[in-house]
Amino acid sequence: MSTMRRVYLPLHTDDLRTLSDSRSLSADSLDGFAVTDAVRAQSSGADDDEQHEYAAMQDAALCAIAEDAPVVGAVDVAESAVVDGDSDAKVTVRGPLLLKRFASFHLIDRAASAADPDEEIELSWFDATELALVMEVLEVLDQQ
């Protein structure tokens with residue numbers, strides 16, 4: 001069995017529909033965020049994986065806001081399918097991502113703003129089994 005790595009992906013509503021309908025998200029490559037050597041190096045002296053994961057998720061949330069994507073998905077991907085970027089937490093994921101490999105979905109607070117990158121972005125947590133609920137919440141928010 002291959003080693004898995006947690007990757008945080010900015011997801012658009014169409015991505016969520018695809019996941020719901022086909023139970024997978026296919027692409028030659030997807031941009032995501034994960035704990036990389038660069039992330040660990042930025043936190044010199046800190047050896048806290050939870051802190052590193054949080055930083056990678058926040059980077060994904062900033063990217064999602066910039067791309068007008070309402071959700072960050074946390075998915076476990078085979079290490080061999082993840083290619084680290086040149087810096088920070090940016091990675092590229094290759095191959096299909098199965099819904100059963102998603103751990104959670106994180107809905108971005110609509111009031112969040114990328115104007116201050118030092119400010120934490122509020123994310124509402126949903127278990128992966130609650131994908132339909134995430135889609136319902138987004139539909140209600142879109143009607144407001």
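Two strands are said to pair if DSSP finds at least two bridges between them, and strands themselves are DSSP runs (E, at least two residues), just as helices are DSSP runs (H or I, at least four residues), both numbered from the N terminus. Keep that in mind as you open the viewer. This is a predicted model, in which local features need pLDDT of at least 70, side-chain atom pairs count only at pLDDT 80 or more, and totals for chains, interfaces and linings use all residues. Residues are numbered from 1 along each chain as its sequence is written, and side-chain values use heavy atoms, with hydrogens and water left out.

**Stop one: strand β1**

Select residues 4-11, which form strand β1. Is this strand largely enclosed or open? Six of its eight residues are buried, so the rest of the structure largely encloses β1. Here, buried means under 20% relative accessible area, exposed means over 50%, and partly exposed lies in between (1.4 Å probe, protein chains only).

Now add residues 71-78, strand β4: β1 and β4 pair in the antiparallel sense over eight bridges. Then add residues 30-34, strand β3, which runs antiparallel to β1 and is joined to it by two bridges. Click on Y8 and look for its bridge partner in β3, which is F33.

**Stop two: R6 and D76**

Stay with β1 and show the side chain of R6, which stands opposite D76 in β4. What do the side chains of R6 and D76 form? They meet in a salt bridge, with N to O at 2.6 Å. R6 lies in strand β1 and D76 in strand β4, so this pair ties together parts that are 70 residues apart in sequence. A salt bridge here is a side-chain nitrogen of Lys or Arg within 4 Å of a carboxyl oxygen of Asp or Glu. Colour the two residues by accessibility: R6 is partly exposed at 27% relative accessible area, and D76 is partly exposed at 23%.

**Stop three: from β3 to β6**

Go back to β3 and add residues 90-93, strand β6. Four bridges join β3 to β6, and the two run antiparallel. One place to check is L30, which stands opposite V93 in β6.

Next, show K90 and D31, whose side chains meet in a salt bridge (3.9 Å, N to O). K90 lies in strand β6 and D31 in strand β3, so the pair ties together parts that are 59 residues apart in sequence. K90 is partly exposed, with a relative accessible area of 34%, and D31 is partly exposed too, at 43%. Then select R5, E79 and D84, which are joined into one network by salt bridges that share partners.

**Stop four: helix α1**

Select R17 and D14. Both lie in helix α1, three residues apart, about one turn of the helix. R17 forms a salt bridge with D14, and the closest N and O atoms are 2.7 Å apart. R17 counts as partly exposed at 41% relative accessibility, whereas D14 is exposed at 51%. By the rule given at stop two, the salt bridge count comes to five.

**Stop five: two positive phi angles**

Most residues other than glycine have a negative phi. Where does R23 lie? Look in the loop between α1 (13-22) and β2 (24-25). Phi of R23 is near 65°, a positive value in a residue other than glycine, and R23 counts as exposed at 52% relative accessibility.

Move on to D68, in the loop between α3 (49-66) and β4. D68 is not a glycine, yet it has a positive phi of about 60°. D68 is exposed, with a relative accessible area of 67%.

**Last stop: a charged patch**

Finish by selecting D109, E119, E120 and E122, which gather in a patch of negative charge on the surface. Patches are made of residues with over 30% relative accessible area and no salt bridge, with like charges joined within 9 Å. Asp and Glu count as negative, and the place of a charge is taken as CG of Asp or CD of Glu. Zoom in on D109, found in the loop between β8 (102-108) and β9 (123-127). D109 is partly exposed, at 36% relative accessible area.

Key. Patch = residues over 30% accessible without salt bridge, like charges linked within 9 Å, V, L, I, M, F, W, Y side chains within 5 Å. Areas by Shrake-Rupley, 256 points an atom, 1.4 Å probe, with all protein chains shown as cover.
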